[in-house]
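Subject: Handing over the two-chain model

Hi there,

Here is the structure I promised to pass on to you. Please open it alongside this note, and then read on for what turned up.

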Amino acid sequence: MLNPNLQVEISGLRFKNPVLTASGTFGYGLEFERFFDISELGGFCTKGLSLEPMKGAPPGRIQETPSGMLNAIGLENVGVEGFIKEKLPRLANFQGHIVANVLGKSIQEFVAIAERLAPCDKVSALELNISCPNIKEGGIEFGHDPEMTFAVVEAVKKHSNHPIWVKLSPNVTDIRVFARACQDGGADAITLVNTFVGMSIDVDKCRPMLSNTTGGLSGPAIRPLAVRLVHAVAEAVSIPIIGIGGISTTRDALEFMIAGASAIQIGTANFYEPTVSLKVIQGLRQHCLDQKVDSIKELIGTLCIEKGQFFY
Amino acid sequence: MAWVEDGLNLPFPLLRKALAIYSLPNSEHGRITLLIKVVGDGTAKLAGAEPGSTIGLIGPLGNGFETNLPPSQKALIVAGGTGIASVFLLAEHLTKNNHPVHLVYGARQAEELVGLKDFELLGITSTITTDDGSRGMQGQVTQGLQHYLQQDVGDKAMMYTCGPTPMMQAVSRVAKDWGIPCQISVEVKMACGFGVCLGCTVKTRHGYHLACTHGPVFDAADFVWENSSSISELIT
(Lines give C-alpha, C1' and ligand atoms only; values in the text may rest on other atoms or scores of the structure.)
Protein backbone atom coordinates (compact mmCIF):
# COMPACT_ATOMS: atom_id res chain seq x y z
CA MET A 1 0.00 0.00 0.00
CA LEU A 2 2.10 2.87 -1.29
CA ASN A 3 -0.49 5.50 -1.85
CA PRO A 4 -3.30 5.71 0.67
CA ASN A 5 -6.56 7.16 -0.60
CA LEU A 6 -7.14 10.63 0.83
CA GLN A 7 -10.42 11.20 -1.00
CA VAL A 8 -13.52 12.16 0.94
CA GLU A 9 -17.09 12.88 -0.18
CA ILE A 10 -19.14 15.72 1.19
CA SER A 11 -22.48 16.94 -0.11
CA GLY A 12 -22.12 14.96 -3.31
CA LEU A 13 -18.69 16.38 -4.03
CA ARG A 14 -15.52 14.33 -4.16
CA PHE A 15 -12.50 16.02 -2.60
CA LYS A 16 -9.06 14.66 -3.50
CA ASN A 17 -8.05 15.20 0.11
CA PRO A 18 -9.86 16.45 3.22
CA VAL A 19 -7.84 19.66 3.56
CA LEU A 20 -9.50 22.94 2.70
CA THR A 21 -8.54 26.46 3.64
CA ALA A 22 -10.94 28.62 5.60
CA SER A 23 -12.92 31.66 4.61
CA GLY A 24 -11.25 34.91 5.56
CA THR A 25 -7.79 33.40 5.73
CA PHE A 26 -7.19 32.55 2.09
CA GLY A 27 -8.40 35.63 0.22
CA TYR A 28 -9.83 34.53 -3.10
CA GLY A 29 -7.19 31.82 -3.50
CA LEU A 30 -5.12 33.88 -5.92
CA GLU A 31 -3.11 35.48 -3.13
CA PHE A 32 -1.50 32.10 -2.32
CA GLU A 33 -0.45 31.18 -5.86
CA ARG A 34 2.94 32.74 -5.17
CA PHE A 35 3.53 30.31 -2.29
CA PHE A 36 2.37 26.95 -3.67
CA ASP A 37 0.22 25.19 -6.26
CA ILE A 38 -3.18 25.73 -4.65
CA SER A 39 -4.61 22.92 -6.78
CA GLU A 40 -3.00 20.57 -4.27
CA LEU A 41 -5.80 21.52 -1.86
CA GLY A 42 -9.04 19.62 -1.54
CA GLY A 43 -10.56 23.05 -1.90
CA PHE A 44 -10.77 26.49 -0.41
CA CYS A 45 -13.47 28.76 0.96
CA THR A 46 -13.59 32.30 -0.36
CA LYS A 47 -13.61 35.42 1.76
CA GLY A 48 -17.25 35.97 2.74
CA LEU A 49 -19.16 37.44 -0.19
CA SER A 50 -21.95 39.95 0.30
CA LEU A 51 -24.44 41.26 -2.24
CA GLU A 52 -22.63 44.59 -2.43
CA PRO A 53 -18.90 45.17 -1.75
CA MET A 54 -18.16 45.97 1.91
CA LYS A 55 -15.33 48.18 3.13
CA GLY A 56 -15.08 46.52 6.53
CA ALA A 57 -14.35 47.81 10.02
CA PRO A 58 -12.18 50.84 10.85
CA PRO A 59 -8.44 50.36 11.50
CA GLY A 60 -7.58 48.50 14.69
CA ARG A 61 -8.77 45.18 13.31
CA ILE A 62 -6.48 42.56 14.81
CA GLN A 63 -4.71 41.73 18.04
CA GLU A 64 -2.48 38.78 18.78
CA THR A 65 -3.40 36.82 21.93
CA PRO A 66 -1.89 33.73 23.56
CA SER A 67 -1.74 31.10 20.78
CA GLY A 68 -4.35 32.99 18.86
CA MET A 69 -5.58 36.25 17.49
CA LEU A 70 -8.65 38.41 17.69
CA ASN A 71 -10.03 39.91 14.54
CA ALA A 72 -12.77 42.33 13.68
CA ILE A 73 -12.34 42.76 9.94
CA GLY A 74 -16.00 43.54 9.44
CA LEU A 75 -16.40 41.38 6.35
CA GLU A 76 -14.46 43.55 3.94
CA ASN A 77 -15.02 41.90 0.56
CA VAL A 78 -15.35 42.59 -3.16
CA GLY A 79 -19.02 41.58 -3.27
CA VAL A 80 -20.49 38.67 -5.20
CA GLU A 81 -20.38 40.55 -8.51
CA GLY A 82 -16.74 41.52 -8.02
CA PHE A 83 -15.91 37.93 -7.18
CA ILE A 84 -17.60 36.57 -10.30
CA LYS A 85 -16.13 39.19 -12.64
CA GLU A 86 -12.64 39.77 -11.20
CA LYS A 87 -11.64 36.68 -9.24
CA LEU A 88 -13.42 33.62 -10.60
CA PRO A 89 -12.06 33.90 -14.18
CA ARG A 90 -8.52 33.81 -12.78
CA LEU A 91 -9.31 30.55 -10.98
CA ALA A 92 -10.25 28.72 -14.20
CA ASN A 93 -7.33 26.29 -13.85
CA PHE A 94 -7.88 25.57 -10.16
CA GLN A 95 -8.25 21.80 -9.71
CA GLY A 96 -9.88 21.68 -6.26
CA HIS A 97 -13.34 22.74 -5.13
CA ILE A 98 -14.20 26.39 -4.63
CA VAL A 99 -16.63 26.91 -1.78
CA ALA A 100 -18.19 30.37 -1.91
CA ASN A 101 -18.69 31.69 1.62
CA VAL A 102 -21.69 34.00 1.48
CA LEU A 103 -23.40 36.36 3.90
CA GLY A 104 -26.50 38.46 3.81
CA LYS A 105 -28.30 40.96 6.01
CA SER A 106 -31.60 39.25 5.27
CA ILE A 107 -32.94 35.98 3.91
CA GLN A 108 -33.63 37.82 0.65
CA GLU A 109 -29.98 38.84 0.40
CA PHE A 110 -28.76 35.30 1.06
CA VAL A 111 -31.11 34.07 -1.65
CA ALA A 112 -30.05 36.80 -4.09
CA ILE A 113 -26.37 35.93 -3.65
CA ALA A 114 -27.11 32.22 -4.07
CA GLU A 115 -29.05 32.92 -7.25
CA ARG A 116 -26.27 35.09 -8.61
CA LEU A 117 -23.78 32.26 -8.00
CA ALA A 118 -26.10 29.57 -9.43
CA PRO A 119 -24.72 29.77 -12.99
CA CYS A 120 -21.10 29.62 -11.76
CA ASP A 121 -20.01 26.05 -12.47
CA LYS A 122 -16.58 26.76 -11.06
CA VAL A 123 -18.17 27.23 -7.62
CA SER A 124 -18.79 23.80 -6.10
CA ALA A 125 -20.76 24.69 -2.97
CA LEU A 126 -21.99 27.60 -0.90
CA GLU A 127 -21.03 28.04 2.73
CA LEU A 128 -23.58 30.23 4.50
CA ASN A 129 -21.88 32.49 7.02
CA ILE A 130 -24.50 32.92 9.72
CA SER A 131 -21.87 33.26 12.38
CA CYS A 132 -19.71 36.34 11.88
CA PRO A 133 -19.44 38.03 15.29
CA ASN A 134 -18.27 41.36 13.88
CA ILE A 135 -21.22 42.98 12.17
CA LYS A 136 -24.31 44.29 13.83
CA GLU A 137 -26.96 43.29 11.36
CA GLY A 138 -27.33 40.01 9.56
CA GLY A 139 -25.08 37.01 9.78
CA ILE A 140 -25.08 36.28 13.45
CA GLU A 141 -28.79 37.12 13.84
CA PHE A 142 -29.43 33.97 11.85
CA GLY A 143 -26.81 32.02 13.73
CA HIS A 144 -28.16 32.82 17.19
CA ASP A 145 -31.79 31.89 16.58
CA PRO A 146 -32.56 28.29 15.55
CA GLU A 147 -35.77 29.29 13.76
CA MET A 148 -33.91 31.91 11.73
CA THR A 149 -31.20 29.35 11.01
CA PHE A 150 -33.80 26.94 9.71
CA ALA A 151 -35.51 29.64 7.65
CA VAL A 152 -32.39 30.92 5.91
CA VAL A 153 -31.10 27.44 5.14
CA GLU A 154 -34.45 26.32 3.77
CA ALA A 155 -34.83 29.45 1.63
CA VAL A 156 -31.34 29.27 0.14
CA LYS A 157 -31.64 25.55 -0.45
CA LYS A 158 -34.85 26.11 -2.39
CA HIS A 159 -33.29 28.76 -4.63
CA SER A 160 -29.86 27.26 -5.22
CA ASN A 161 -28.59 24.36 -7.25
CA HIS A 162 -25.38 24.27 -5.21
CA PRO A 163 -24.78 22.06 -2.18
CA ILE A 164 -25.34 24.19 0.92
CA TRP A 165 -22.91 24.18 3.80
CA VAL A 166 -23.64 26.22 6.91
CA LYS A 167 -20.89 27.70 9.07
CA LEU A 168 -22.07 27.84 12.66
CA SER A 169 -21.24 30.12 15.54
CA PRO A 170 -19.84 28.54 18.69
CA ASN A 171 -21.17 31.45 20.74
CA VAL A 172 -24.43 29.72 21.62
CA THR A 173 -25.66 27.70 24.57
CA ASP A 174 -26.21 24.44 22.70
CA ILE A 175 -24.79 24.27 19.20
CA ARG A 176 -26.57 20.96 18.53
CA VAL A 177 -29.90 22.79 18.33
CA PHE A 178 -28.52 24.90 15.48
CA ALA A 179 -26.95 21.92 13.76
CA ARG A 180 -30.31 20.13 13.78
CA ALA A 181 -31.99 23.26 12.45
CA CYS A 182 -29.51 23.24 9.54
CA GLN A 183 -30.18 19.58 8.86
CA ASP A 184 -33.94 20.07 9.04
CA GLY A 185 -33.66 23.06 6.70
CA GLY A 186 -31.97 20.87 4.09
CA ALA A 187 -28.30 21.76 4.61
CA ASP A 188 -25.87 19.36 2.95
CA ALA A 189 -23.05 19.89 5.45
CA ILE A 190 -22.08 21.92 8.50
CA THR A 191 -18.83 23.81 9.04
CA LEU A 192 -17.82 23.90 12.71
CA VAL A 193 -16.84 26.39 14.06
CA ASN A 194 -16.50 30.09 13.39
CA THR A 195 -14.55 32.26 15.85
CA PHE A 196 -15.28 32.64 19.56
CA VAL A 197 -16.13 36.18 20.62
CA GLY A 198 -13.34 37.70 22.67
CA MET A 199 -11.90 40.98 23.83
CA SER A 200 -8.51 42.44 24.63
CA ILE A 201 -7.71 45.70 26.41
CA ASP A 202 -4.84 48.16 26.17
CA VAL A 203 -4.22 48.71 29.88
CA ASP A 204 -2.19 51.90 29.33
CA LYS A 205 -4.95 53.61 27.42
CA CYS A 206 -7.88 51.78 29.07
CA ARG A 207 -9.24 51.17 25.61
CA PRO A 208 -10.19 48.03 23.70
CA MET A 209 -7.42 46.78 21.41
CA LEU A 210 -9.93 46.43 18.57
CA SER A 211 -11.86 49.32 17.05
CA ASN A 212 -14.93 47.09 17.21
CA THR A 213 -14.33 46.48 20.98
CA THR A 214 -14.86 42.73 20.56
CA GLY A 215 -13.61 40.36 17.90
CA GLY A 216 -13.46 36.74 16.89
CA LEU A 217 -10.80 34.57 18.51
CA SER A 218 -9.07 32.08 16.25
CA GLY A 219 -5.87 30.07 16.22
CA PRO A 220 -4.53 27.10 18.22
CA ALA A 221 -6.04 28.54 21.43
CA ILE A 222 -9.56 27.53 20.34
CA ARG A 223 -8.77 24.03 19.07
CA PRO A 224 -9.94 22.03 22.11
CA LEU A 225 -13.15 24.07 22.22
CA ALA A 226 -13.79 23.37 18.55
CA VAL A 227 -12.97 19.65 18.77
CA ARG A 228 -15.50 19.26 21.57
CA LEU A 229 -18.20 20.98 19.52
CA VAL A 230 -17.47 18.86 16.45
CA HIS A 231 -17.76 15.75 18.59
CA ALA A 232 -21.06 16.94 20.09
CA VAL A 233 -22.58 17.80 16.72
CA ALA A 234 -21.37 14.57 15.13
CA GLU A 235 -23.46 12.74 17.73
CA ALA A 236 -26.49 14.92 16.97
CA VAL A 237 -26.80 15.06 13.15
CA SER A 238 -26.22 12.77 10.21
CA ILE A 239 -25.04 15.31 7.62
CA PRO A 240 -21.25 15.67 7.17
CA ILE A 241 -19.21 18.05 9.27
CA ILE A 242 -16.24 20.10 8.12
CA GLY A 243 -14.09 20.73 11.18
CA ILE A 244 -12.27 24.00 11.76
CA GLY A 245 -10.65 25.72 14.73
CA GLY A 246 -6.95 26.23 15.31
CA ILE A 247 -5.67 23.51 13.01
CA SER A 248 -2.03 23.88 12.06
CA THR A 249 -0.62 20.35 12.12
CA THR A 250 -1.50 16.87 10.89
CA ARG A 251 -2.35 15.73 14.39
CA ASP A 252 -4.70 18.69 14.84
CA ALA A 253 -6.50 17.71 11.65
CA LEU A 254 -6.72 14.10 12.80
CA GLU A 255 -8.34 15.13 16.09
CA PHE A 256 -11.20 16.74 14.19
CA MET A 257 -11.62 13.79 11.83
CA ILE A 258 -11.61 11.26 14.65
CA ALA A 259 -14.17 13.42 16.44
CA GLY A 260 -16.40 13.11 13.40
CA ALA A 261 -15.38 15.64 10.75
CA SER A 262 -15.31 14.41 7.14
CA ALA A 263 -12.91 17.17 6.18
CA ILE A 264 -11.11 20.05 7.84
CA GLN A 265 -10.35 23.68 7.16
CA ILE A 266 -7.14 25.46 8.02
CA GLY A 267 -7.53 29.11 8.93
CA THR A 268 -5.26 31.32 11.00
CA ALA A 269 -2.19 29.16 10.34
CA ASN A 270 -2.30 30.33 6.68
CA PHE A 271 -1.26 33.75 7.94
CA TYR A 272 2.00 32.72 9.54
CA GLU A 273 2.78 29.60 7.48
CA PRO A 274 1.25 30.01 4.01
CA THR A 275 2.20 26.47 2.92
CA VAL A 276 0.86 24.78 6.09
CA SER A 277 -1.90 22.97 4.16
CA LEU A 278 0.61 21.08 2.04
CA LYS A 279 2.35 19.84 5.18
CA VAL A 280 -0.95 18.66 6.63
CA ILE A 281 -1.91 16.85 3.40
CA GLN A 282 1.46 15.11 3.32
CA GLY A 283 1.18 14.35 7.03
CA LEU A 284 -2.25 12.75 6.61
CA ARG A 285 -0.85 10.56 3.85
CA GLN A 286 2.01 9.51 6.11
CA HIS A 287 -0.35 8.86 9.02
CA CYS A 288 -2.43 6.51 6.85
CA LEU A 289 0.74 4.69 5.86
CA ASP A 290 1.91 4.44 9.46
CA GLN A 291 -1.49 3.25 10.66
CA LYS A 292 -1.90 0.91 7.67
CA VAL A 293 -5.14 2.60 6.71
CA ASP A 294 -6.09 2.30 3.02
CA SER A 295 -8.48 5.21 2.97
CA ILE A 296 -8.62 8.23 5.22
CA LYS A 297 -12.39 7.82 5.34
CA GLU A 298 -11.80 4.90 7.69
CA LEU A 299 -10.63 7.38 10.33
CA ILE A 300 -13.72 9.60 10.34
CA GLY A 301 -15.65 9.41 13.61
CA THR A 302 -13.50 6.64 15.08
CA LEU A 303 -13.39 8.13 18.55
CA CYS A 304 -13.38 5.38 21.17
CA ILE A 305 -15.62 6.45 23.99
CA GLU A 306 -17.63 4.48 26.51
CA LYS A 307 -21.37 5.06 26.54
CA GLY A 308 -22.26 7.50 29.27
CA GLN A 309 -18.86 9.15 29.22
CA PHE A 310 -20.04 12.05 27.15
CA PHE A 311 -21.84 14.99 28.66
CA TYR A 312 -22.51 18.04 26.51
CA MET B 1 7.41 39.18 7.85
CA ALA B 2 10.00 37.55 10.10
CA TRP B 3 10.34 35.12 12.96
CA VAL B 4 12.83 32.67 14.41
CA GLU B 5 12.40 29.21 12.88
CA ASP B 6 12.63 27.05 15.96
CA GLY B 7 10.88 23.98 14.55
CA LEU B 8 8.09 24.08 17.13
CA ASN B 9 4.67 22.89 16.04
CA LEU B 10 3.13 25.70 18.01
CA PRO B 11 4.94 28.93 17.29
CA PHE B 12 5.44 31.45 20.05
CA PRO B 13 4.52 34.19 19.48
CA LEU B 14 2.00 32.96 16.93
CA LEU B 15 2.49 35.61 14.28
CA ARG B 16 5.53 36.79 12.35
CA LYS B 17 6.65 40.37 12.86
CA ALA B 18 6.50 42.94 10.08
CA LEU B 19 10.00 44.37 9.75
CA ALA B 20 11.89 46.60 7.34
CA ILE B 21 15.17 45.41 5.90
CA TYR B 22 17.90 47.75 7.15
CA SER B 23 20.60 46.83 4.68
CA LEU B 24 21.30 44.30 1.94
CA PRO B 25 24.36 42.21 1.08
CA ASN B 26 27.13 44.24 -0.51
CA SER B 27 30.68 43.79 -1.75
CA GLU B 28 31.93 43.50 1.84
CA HIS B 29 29.42 41.06 3.35
CA GLY B 30 26.61 38.73 2.34
CA ARG B 31 24.21 39.66 5.10
CA ILE B 32 20.73 41.05 5.24
CA THR B 33 20.54 43.29 8.30
CA LEU B 34 17.43 43.72 10.39
CA LEU B 35 17.54 46.51 12.94
CA ILE B 36 15.20 45.59 15.77
CA LYS B 37 14.07 47.28 18.94
CA VAL B 38 12.90 44.77 21.54
CA VAL B 39 9.31 45.68 22.39
CA GLY B 40 7.68 42.29 22.95
CA ASP B 41 8.18 38.54 22.84
CA GLY B 42 8.63 38.31 19.06
CA THR B 43 11.28 40.98 18.82
CA ALA B 44 12.99 39.65 21.95
CA LYS B 45 13.22 36.24 20.34
CA LEU B 46 14.60 37.69 17.11
CA ALA B 47 17.13 39.83 18.97
CA GLY B 48 18.16 36.86 21.09
CA ALA B 49 18.63 34.44 18.19
CA GLU B 50 22.01 32.69 18.47
CA PRO B 51 24.42 32.64 15.53
CA GLY B 52 23.48 29.68 13.35
CA SER B 53 19.76 29.87 14.08
CA THR B 54 17.35 30.33 11.22
CA ILE B 55 15.26 33.43 10.72
CA GLY B 56 12.24 32.70 8.53
CA LEU B 57 11.28 35.51 6.18
CA ILE B 58 8.35 36.10 3.87
CA GLY B 59 9.18 38.99 1.61
CA PRO B 60 9.90 41.45 0.31
CA LEU B 61 6.31 42.57 0.66
CA GLY B 62 4.43 45.75 -0.09
CA ASN B 63 5.56 48.84 -1.94
CA GLY B 64 8.58 50.98 -1.18
CA PHE B 65 9.46 54.65 -1.14
CA GLU B 66 9.08 56.32 -4.53
CA THR B 67 12.65 57.24 -5.46
CA ASN B 68 12.15 58.14 -9.09
CA LEU B 69 12.96 61.82 -8.57
CA PRO B 70 14.04 64.44 -11.08
CA PRO B 71 17.85 64.33 -11.50
CA SER B 72 19.77 65.72 -8.52
CA GLN B 73 16.59 66.64 -6.63
CA LYS B 74 17.25 66.99 -2.93
CA ALA B 75 15.87 64.38 -0.54
CA LEU B 76 15.07 64.99 3.10
CA ILE B 77 14.76 61.91 5.31
CA VAL B 78 13.09 62.41 8.68
CA ALA B 79 13.41 59.45 11.05
CA GLY B 80 12.12 59.11 14.58
CA GLY B 81 13.34 56.35 16.90
CA THR B 82 12.99 52.92 15.30
CA GLY B 83 11.96 54.57 12.05
CA ILE B 84 15.67 54.75 11.22
CA ALA B 85 15.50 51.02 10.40
CA SER B 86 13.29 51.69 7.39
CA VAL B 87 15.29 54.47 5.76
CA PHE B 88 18.91 53.36 5.42
CA LEU B 89 18.31 51.45 2.15
CA LEU B 90 16.42 54.50 0.94
CA ALA B 91 19.33 56.78 1.78
CA GLU B 92 21.78 54.42 0.10
CA HIS B 93 19.68 54.23 -3.05
CA LEU B 94 19.16 57.98 -3.28
CA THR B 95 22.84 58.66 -2.72
CA LYS B 96 23.80 56.18 -5.43
CA ASN B 97 21.51 58.05 -7.78
CA ASN B 98 23.25 61.35 -7.01
CA HIS B 99 20.48 62.91 -4.97
CA PRO B 100 21.75 65.12 -2.15
CA VAL B 101 20.32 63.62 1.04
CA HIS B 102 19.90 65.27 4.41
CA LEU B 103 18.86 63.23 7.45
CA VAL B 104 16.87 64.63 10.34
CA TYR B 105 16.93 62.02 13.07
CA GLY B 106 15.44 62.21 16.52
CA ALA B 107 15.39 59.91 19.52
CA ARG B 108 14.72 60.20 23.21
CA GLN B 109 18.38 60.12 24.17
CA ALA B 110 21.82 59.72 22.60
CA GLU B 111 22.04 55.98 23.33
CA GLU B 112 18.97 55.36 21.20
CA LEU B 113 20.51 56.92 18.11
CA VAL B 114 21.68 53.99 16.01
CA GLY B 115 23.18 53.66 12.56
CA LEU B 116 24.42 57.24 12.35
CA LYS B 117 27.82 56.05 11.20
CA ASP B 118 26.25 54.15 8.30
CA PHE B 119 24.63 57.35 7.09
CA GLU B 120 27.84 59.32 7.60
CA LEU B 121 29.71 56.80 5.46
CA LEU B 122 27.31 57.63 2.65
CA GLY B 123 28.36 61.27 3.00
CA ILE B 124 24.93 62.30 4.22
CA THR B 125 24.59 65.44 6.31
CA SER B 126 22.37 65.26 9.35
CA THR B 127 20.43 67.17 11.96
CA ILE B 128 20.15 65.29 15.24
CA THR B 129 17.65 65.87 18.02
CA THR B 130 17.19 64.20 21.38
CA ASP B 131 14.43 64.78 23.88
CA ASP B 132 16.95 65.20 26.71
CA GLY B 133 19.55 67.08 24.71
CA SER B 134 22.18 64.38 25.26
CA ARG B 135 23.12 64.76 21.63
CA GLY B 136 22.30 67.31 18.96
CA MET B 137 19.45 69.75 19.44
CA GLN B 138 17.27 69.30 22.48
CA GLY B 139 13.69 68.80 21.39
CA GLN B 140 11.57 66.84 19.02
CA VAL B 141 12.47 65.77 15.53
CA THR B 142 9.98 68.24 14.06
CA GLN B 143 11.90 71.07 15.73
CA GLY B 144 15.08 69.78 14.11
CA LEU B 145 13.23 69.64 10.83
CA GLN B 146 11.94 73.20 11.17
CA HIS B 147 15.44 74.35 12.07
CA TYR B 148 16.92 72.68 9.02
CA LEU B 149 14.25 74.01 6.69
CA GLN B 150 14.82 77.56 7.94
CA GLN B 151 18.55 77.25 7.24
CA ASP B 152 18.29 75.59 3.88
CA VAL B 153 15.06 75.68 1.95
CA GLY B 154 16.92 75.17 -1.31
CA ASP B 155 15.06 73.97 -4.34
CA LYS B 156 12.04 71.82 -3.83
CA ALA B 157 12.87 68.58 -2.06
CA MET B 158 11.15 65.24 -1.56
CA MET B 159 10.54 64.39 2.07
CA TYR B 160 10.49 60.83 3.43
CA THR B 161 9.55 59.97 6.96
CA CYS B 162 9.30 56.93 9.22
CA GLY B 163 8.78 56.83 12.96
CA PRO B 164 6.06 56.82 15.61
CA THR B 165 2.64 57.75 14.24
CA PRO B 166 2.26 61.10 16.09
CA MET B 167 5.73 62.09 14.91
CA MET B 168 4.93 61.26 11.28
CA GLN B 169 1.69 63.16 11.57
CA ALA B 170 3.61 66.20 12.85
CA VAL B 171 6.25 65.82 10.12
CA SER B 172 3.50 65.61 7.50
CA ARG B 173 2.07 68.86 8.80
CA VAL B 174 5.45 70.57 8.53
CA ALA B 175 5.87 69.21 5.00
CA LYS B 176 2.47 70.58 4.07
CA ASP B 177 3.27 73.98 5.59
CA TRP B 178 6.45 74.19 3.52
CA GLY B 179 4.80 72.82 0.39
CA ILE B 180 7.12 69.83 0.27
CA PRO B 181 5.73 66.47 -0.89
CA CYS B 182 6.12 63.82 1.79
CA GLN B 183 6.06 60.03 1.82
CA ILE B 184 5.31 58.22 5.07
CA SER B 185 6.05 54.60 5.94
CA VAL B 186 3.47 53.36 8.43
CA GLU B 187 3.57 50.54 10.96
CA VAL B 188 0.29 48.69 11.53
CA LYS B 189 -0.45 45.38 13.22
CA MET B 190 -0.76 42.67 10.61
CA ALA B 191 -1.08 38.89 10.70
CA CYS B 192 -0.01 37.82 7.21
CA GLY B 193 1.71 40.65 5.35
CA PHE B 194 0.41 39.58 1.94
CA GLY B 195 -3.13 40.87 1.76
CA VAL B 196 -5.37 38.13 3.12
CA CYS B 197 -5.94 38.76 6.83
CA LEU B 198 -7.13 42.31 5.98
CA GLY B 199 -6.03 43.31 9.47
CA CYS B 200 -3.72 46.19 8.58
CA THR B 201 -6.17 48.56 7.01
CA VAL B 202 -5.46 52.30 7.12
CA LYS B 203 -7.60 55.23 6.08
CA THR B 204 -6.71 57.30 3.04
CA ARG B 205 -8.58 59.93 1.07
CA HIS B 206 -9.40 57.14 -1.39
CA GLY B 207 -10.87 54.83 1.28
CA TYR B 208 -9.40 51.96 3.24
CA HIS B 209 -6.10 50.51 2.07
CA LEU B 210 -3.98 47.66 3.37
CA ALA B 211 -0.63 48.70 4.78
CA CYS B 212 0.86 45.38 3.67
CA THR B 213 0.05 45.46 -0.03
CA HIS B 214 -0.86 49.08 -0.84
CA GLY B 215 1.71 50.38 1.65
CA PRO B 216 3.52 50.60 3.92
CA VAL B 217 4.51 53.80 2.09
CA PHE B 218 1.74 56.32 1.48
CA ASP B 219 1.66 59.88 0.21
CA ALA B 220 1.19 62.00 3.33
CA ALA B 221 -1.33 64.14 1.45
CA ASP B 222 -3.55 61.05 0.95
CA PHE B 223 -3.25 59.65 4.45
CA VAL B 224 -5.98 60.12 7.04
CA TRP B 225 -4.61 60.04 10.58
CA GLU B 226 -6.59 58.04 13.10
CA ASN B 227 -6.91 60.89 15.59
CA SER B 228 -8.17 63.37 13.02
CA SER B 229 -11.84 63.87 13.60
CA SER B 230 -12.37 64.34 9.90
CA ILE B 231 -10.33 63.77 6.82
CA SER B 232 -10.29 67.52 6.26
CA GLU B 233 -7.36 68.15 8.58
CA LEU B 234 -4.69 67.14 6.13
CA ILE B 235 -6.36 67.81 2.85
CA THR B 236 -7.92 71.25 3.19
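Let me begin in chain B, where helix α2 (residues 88–96) lies across β3 (75–80), β4 (101–107) and β7 (158–162), running at about 165° to β4(B). Another helix of chain B, α4 (residues 141–151), packs on the sheet as well: α4(B) touches β3, β4, β5 and β6 of chain B, and its direction makes about 150° with that of β4(B). Please keep in mind throughout that this is a predicted model.

The sheet in chain B

The sheet is open and has seven strands, in the order β6-β5-β4-β3-β7-β8-β11 of chain B, with mixed pairing. Its edge strands are β6 (137–138) and β11 (217–219) of chain B, each of which pairs on one side only. At the β6(B) edge, strand β5 (residues 125–130) of chain B runs parallel to β6(B), and two bridges join them. If you would like a spot to zoom in on, T130(B) stands opposite Q138(B) in β6(B).

Two helices side by side in chain B

Two packed helices are described by the angle between their axes and the distance between the axes. For α4(B) and helix α5 (residues 165–178) of chain B, the angle is about 20° and the axes are 9 Å apart. Angles under 35 degrees count as roughly parallel, so α4(B) is roughly parallel to α5(B). The crossing of α4(B) past α5(B) is right-handed.

Which residues meet there? From α4(B) come V141(B), T142(B), L145(B), Q146(B) and L149(B), and from α5(B) come M167(B), A170(B), V171(B), V174(B) and W178(B). Sorted by class, this contact has eight nonpolar, two polar and no charged residues.

Over to chain A

Chain A has nine helices and 16 strands. Its C-alpha trace spans about 55 × 50 × 40 Å along the principal axes. For a compact globule of 312 residues, one would expect a radius of gyration near 20 Å; the 18 Å of chain A agrees with that.

What you will notice in chain A is a closed barrel of eight strands, running β3-β4-β7-β8-β9-β10-β15-β16 with parallel pairing. From one strand to the next, the twist averages 25°. Within the barrel, strand β9 (residues 164–167) of chain A and strand β10 (residues 189–192) of chain A pair in the parallel sense over three bridges. The bridge partner of K167(A) in β10(A) is T191(A).

Helix α7(A) lies across β3 (19–21), β15 (241–244) and β16 (263–266) of chain A, and runs at about 145° to β16(A). The axes of helix α6 (residues 223–236) of chain A and helix α7 (residues 250–259) of chain A come within 8 Å and cross at roughly 20°. That angle makes α6(A) roughly parallel to α7(A), and their crossing is right-handed. Here R223(A), V227(A), V230(A), H231(A) and A234(A) of α6(A) meet D252(A), E255(A), F256(A) and A259(A) of α7(A). By class, that contact has five nonpolar, one polar and three charged residues.

Where the chains touch

Finally, 22 residues of chain B are in contact with 22 residues of chain A. On the chain B side, β9 (201–204) and β10 (207–210) each supply at least two residues, and β9(B) gives the largest share, three residues. That side of chain B has 13 nonpolar, five polar and four charged residues.

Happy exploring, and best wishes!

How values were computed. Residues numbered from 1 in each chain as written. Chains lettered and ligands numbered in written order. Predicted model: local features only at pLDDT ≥ 70, side-chain atom pairs only at ≥ 80, totals over all residues. Axes fitted to C-alpha atoms, helices over the stretch in contact; angles between N-to-C directions. Helix = DSSP H or I, 4+ residues; strand = E, 2+ residues; numbered from the N terminus. Parallel < 35°, antiparallel > 145°, perpendicular 65-115°, else oblique. Left-handed = near helix turned anticlockwise from the far one by under 90°. Contact = placed C-beta atoms within 7 Å. Nonpolar A, V, L, I, M, F, W, Y, C, P; charged D, E, K, R; others polar. Pairing = 2+ DSSP bridges. Rg over C-alpha atoms; globule rule 2.2 N^0.38 Å.
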